[in-house]
Amino acid sequence: MVQLPFLIFADMKQAESQEDDVSIEGMRILLAEDNELNMEIAEFIIENEGAIVTCATNGIEAVDIYKNAPESFDIILMDIMMPGMSGTQTLENLKNISS
């Protein structure tokens, strides 16, 4: 499991002073998103930061991709509401593959 820190700041000056420069360059990311426009935007942003993106259009496809090469991904990003298999169902299937 990965935990991402989430900080809430009362004012923008404090938030700007806390900004860290974190790189995802070279990371291998599996992106599961059923909305074509959202997929294109996310893929563009992630690749622009130097990561390698593999796309899946739904949870079933994401599980199939992961099942064939689980060591190929550093992180998985996915939509929660997808047809066929929701993001939470996909997560359960991915956890079963990994264990």
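Biologist: What share of the 99 residues in the chain is buried?

Modeller: Buried residues come to 22% of the chain. Keep in mind that this is a predicted model. A residue gets that label because its relative accessible area is under 20%.

Biologist: And what does the chain expose?

Modeller: About 7,400 Å², with carbon and sulfur atoms supplying 54% of it.

Biologist: How do you know which pieces count as helices and strands?

Modeller: They're DSSP runs, at least four residues for a helix and at least two for a strand. On that basis the chain has 4 helices and 3 strands, in the pattern α-β-α-β-α-β-α along the sequence. Take β1: residues 28-32 form that strand, so the run meets the minimum of two.

Biologist: What makes β1 and β3 a pair?

Modeller: Two strands pair if there are at least two bridges between them. β1 and β3 have 4 bridges, in the parallel sense, so they qualify. One of the bridges joins Ala32 to Met78 in β3.

Biologist: Why are β2 and β3 called edge strands?

Modeller: The open sheet runs in the order β2-β1-β3, with parallel pairing. β2 (52-56) and β3 (75-78) each pair on one side only, so each is an edge by the pairing rule. Neighbouring strands are turned by 20° against each other on average, ignoring direction.

Biologist: What makes you say that α3 packs on the sheet?

Modeller: Helix α3 (residues 59-68) touches β1, β2 and β3, and a contact needs heavy atoms within 4.5 Å. The direction of α3 makes about 130° with that of β2.

Biologist: Why is the group with Leu30 and Phe73 called a nonpolar core?

Modeller: Because such a core is a set of buried nonpolar residues joined through side-chain atoms within 4.5 Å. The largest one here has 10 residues, including Leu30, Ala32, Ala56, Val63, Tyr66, Phe73 and Met82. β1 and α3 are the elements that give two or more residues to this core, and α3 gives the most, with 3.

Biologist: Which residues does Ala62 contact, leaving aside neighbours within four places in sequence?

Modeller: Leu30, Ala32, Ala56, Thr90 and Leu94.

Biologist: What else is there in the way of cores?

Modeller: A second, separate core has 6 residues, among them Leu31, Met39, Ile46 and Ala51. In soluble globular proteins, nonpolar side chains tend to be buried together.

Biologist: How much of the contact list links residues 24 or more positions apart?

Modeller: Those account for 61% of the contacts with a separation of 6 or more.

How values were computed: Residues numbered from 1 in each chain as written. Predicted model: local features only at pLDDT ≥ 70, side-chain atom pairs only at ≥ 80, totals over all residues. Heavy atoms only, no water. Axes fitted to C-alpha atoms, helices over the stretch in contact; angles between N-to-C directions. Buried < 20%, exposed > 50% of the residue type's maximum accessible area, 1.4 Å probe, protein only. Areas by Shrake-Rupley, 256 points an atom, 1.4 Å probe, with all protein chains shown as cover.
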